[in-house]
Amino acid sequence: MTEALRSQFLSLHLIETLAAVLPVRDENAQPKALVFGGVERHMITSQARRRAERVHARNRANTGRGALKGRSMGVRTREWAILAGRELESAHGWEKERALVTTRAVMEASGLKFGDPKKKTVANLTKVLVFAPSDAASRIADHIAGQAAEVKEWRDAYLEAQARAEAAKKARAEAAKKARLGAKKKAASSSEAEETEETSTAEPAVSVPLPPVPKATRDAVLLALAPRDAVDIALYGRFLAEIPDSPNVDGAVQTGHAFTVHEAEQIEDFYAAADDAKLDRKRNALSFLDAADDAGAGMTGYQSLISGTFYRHAVLDRTQLRTNLRVAGMDEQEAETAASEAEKEFVNSFVEAFPEAKKNSTASTGSLPALVLAFEGERPYNYASAYQRPVDEGPVSAGGEGPAGPAAVRRLLRHHTFVSRRREDLRTVRVLTYDPEIDALLGEMGLPESLTVVERAEDLTP
């Protein structure tokens, strides 16, 4: 199929069933939820989903697997100054503390804000996460090392000016404090009717200018942090407001919150953890007192767990993806190749990736979807309305819809068939299932001939 025949948007819809998991939590460690159709549903936020998919694709590419193997990928972190400092130290032989001070000063003077320098835990972290190509730190370090004499001279002047500015700020604060205390004392001791004019002892504010970072160095930092050819930045976008002349990227991927097709189901699981050392001591006790010492569990607590069948949706804007790649500097042919690879990897990540919270205690990352529906269109299509009326899991003989998984699949495919009769732009409809029961159901439903059942995730996109 040639590009001219392909539609702008690839819509993906997925049904998955999860049991006793907690992939995302709120500030109270409770499962996230929303109200839809008059009942509460469990929710897996789009942020959690997007990060899982982005990291899944990046890890595969970095280890030489998947459609994007060998492609440049991004890293989202607050630690760029630390990473660049380590590069200066390991690759260029700089002393550790001087390297970190230099990279922080250079990036701060380029426009990024850092944490409170008095707090060691955040002093060298940017205020916001910066999504940049993975080689940004080495690029910054290489430039600093190549312009070492000029950068060191600027750095010393910059740090000295910072110290003078901080001292002046502290002096002004002390003077203002003394002025306030003097005014209070004067007001308290004054009993005469006639008031004298109050004068302030505070010194006027004096601004200590910081020397600007050399233009070549600032340009090098901005280029290193620019999206460039990082494919996952072209897919998911980025927003960096702190540096006005650093480009932002409108992502090509649109992601909806996943939610249960039925009313929320939640349990509070009580757990008890054993203390190995205490149990060993009791097991090998030579006296009654030792055997009776510290009876009971090592620790106890509760954790919330959820189960349910979820509907999940995402859209890839092919035009925006190609635009992002062209803006990053690729020619038309290279952008076309990279976009096709990115589309395949995006679909694979949508199917396979899963948020990793509680993965060791719930094995949630081993889940596979019951059904994936993919099709092209001239606009995005969201089928959440198919589940506005929550699925009734009661017996079919009693008016219910039976188990939520098959019921959700039936609703999704009926909804799509109904919509496609009214929308001429929908085409190349493909379905993938990893559930033998759903596979049998597809054979029973009498699906339209335009729908193709595939057996691999990579076949969901033409």
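Which helices each supply at least two residues of the lining of the largest pocket? Let's begin there and then visit several other close-ups of this predicted model.

**Figure 1. The largest pocket and its lining.** The helices α3 (96-109) and α5 (148-189) each supply at least two residues of the lining. Of these helices, α5 deserves a careful look, as the largest share of the lining, seven residues, comes from α5. In total, 19 residues line the pocket. To find the middle of the view, look for Arg104, Glu108, Pro117, Gln162 and Glu166, which lie nearest the centre of the pocket. The space inside comes to about 580 Å³. Rolling a probe the size of a water molecule over the atoms shows where empty space is left.

**Figure 2. Helix α10 and its buried side.** Helix α10 runs through residues 318-327, and Arg318, Leu321, Arg322, Asn324 and Leu325 are buried there. These buried residues cover an arc of only 160° around the axis, which puts them on the same side of α10. An α-helix has 3.6 residues a turn, so residues three or four places apart point the same way. What do the buried residues of α10 pack against? Their partners are the strands β1 (9-21), β9 (299-317) and β10 (371-377), together with the helices α7 (231-236) and α11 (332-352).

**Figure 3. The two ends of helix α10.** At the N-terminal end, Asp317 acts as a cap: one of its side-chain oxygens lies 3.1 Å from the backbone nitrogen of Thr319. Past the other end, just after α10, you will find Gly329, with a positive phi of about 115°.

**Figure 4. The largest nonpolar core.** This core holds 32 residues. Which of them touch the most other members? They are Leu235, Leu316, Leu321, Leu325, Phe346 and Leu460. Many parts of the chain contribute here: β1, α1 (46-62), α7, β9, α10, α11 and β10 each supply at least two residues of the core. The biggest contributor is α11, with eight residues. Zoom in on Phe346 and, leaving aside its neighbours within four places in sequence, you can trace contacts to Leu12, Glu53, Leu235, Tyr236, Val253, Ala314 and Leu316. There is also a second, separate core of 29 residues, with Ala84, Trp94, Leu112 and Ala148 among them.

**Figure 5. Glu16, a buried residue in strand β1.** Glu16 lies in β1. Is Glu16 buried or exposed? With a relative accessible area of 2%, Glu16 is buried, because buried means under 20%. The side chain of Glu16 has a polar contact of 3.2 Å with the side chain of Arg312. Setting aside neighbours within four places in sequence, Glu16 is in contact with Arg49, Gly308, Thr309, Phe310, Arg312, Phe354, Pro369 and Ala370.

**Figure 6. Val128 in a loop.** Val128 sits in the loop between α3 and β5 (130-133). Its relative accessibility of 31% makes Val128 partly exposed. How many residues apart in sequence are Val128 and Leu112? They are 16 residues apart in sequence, and their C-alpha atoms are 8.6 Å apart in space. Not counting residues up to four places away in sequence, Val128 touches Thr77, Arg78, Leu240 and Glu242.

**Figure 7. Two loop residues with positive phi.** Lys358 is found in the loop between α11 and α12 (359-362). A little further along, Ala363 lies in the loop between α12 and β10. Phi is near 60° in Lys358, a positive value in a residue other than glycine. For Ala363, also a residue other than glycine, phi is positive and near 55°. Lys358 is partly exposed, at 27% relative accessible area, whereas Ala363 is exposed, at 54%.

**Figure 8. Glu401 and its neighbours.** Our last stop is the loop between β10 and α13 (404-420), where Glu401 lies. At 15% relative accessibility, Glu401 counts as buried. Its side chain is joined to that of Arg411 by a polar contact of 2.7 Å. Glu401 and Val391 are 10 residues apart along the chain, and 6.8 Å separates their C-alpha atoms. Leaving out residues up to four places away in sequence, Glu401 touches Arg389, Pro390, Val391, Asp392, Gly394, Val396, Ala407, Arg410 and Arg411.

Key
Residues are numbered from 1 along each chain as its sequence is written. This is a predicted model: local features need pLDDT of at least 70, side-chain atom pairs count only at pLDDT 80 or more; totals for chains, interfaces and linings use all residues. Side-chain values use heavy atoms; hydrogens and water are left out. Buried means under 20% relative accessible area, exposed over 50%, partly exposed in between (1.4 Å probe, protein chains only). Helices (H or I, at least four residues) and strands (E, at least two) are DSSP runs, numbered from the N terminus. The arc is that of the directions from the helix axis to the C-beta atoms. Contact means heavy atoms within 4.5 Å. A polar contact is a pair of N or O atoms within 3.5 Å; within protein, one must be able to donate a hydrogen and the other to accept it, and residues adjacent in sequence count only if both atoms are side-chain atoms. A nonpolar core is a set of buried Ala, Val, Leu, Ile, Met, Phe, Trp, Tyr and Cys residues joined through side-chain atoms within 4.5 Å. On a 1 Å grid over the protein atoms alone, a cavity is a set of points where a 1.4 Å probe fits but cannot get out, and a pocket is an open set with protein on both sides within 12 Å along at least five of seven lines; lining residues have an atom within 4 Å of a point. Grid points are joined across faces, edges and corners, and a volume is the space filled by probe spheres set on the points.
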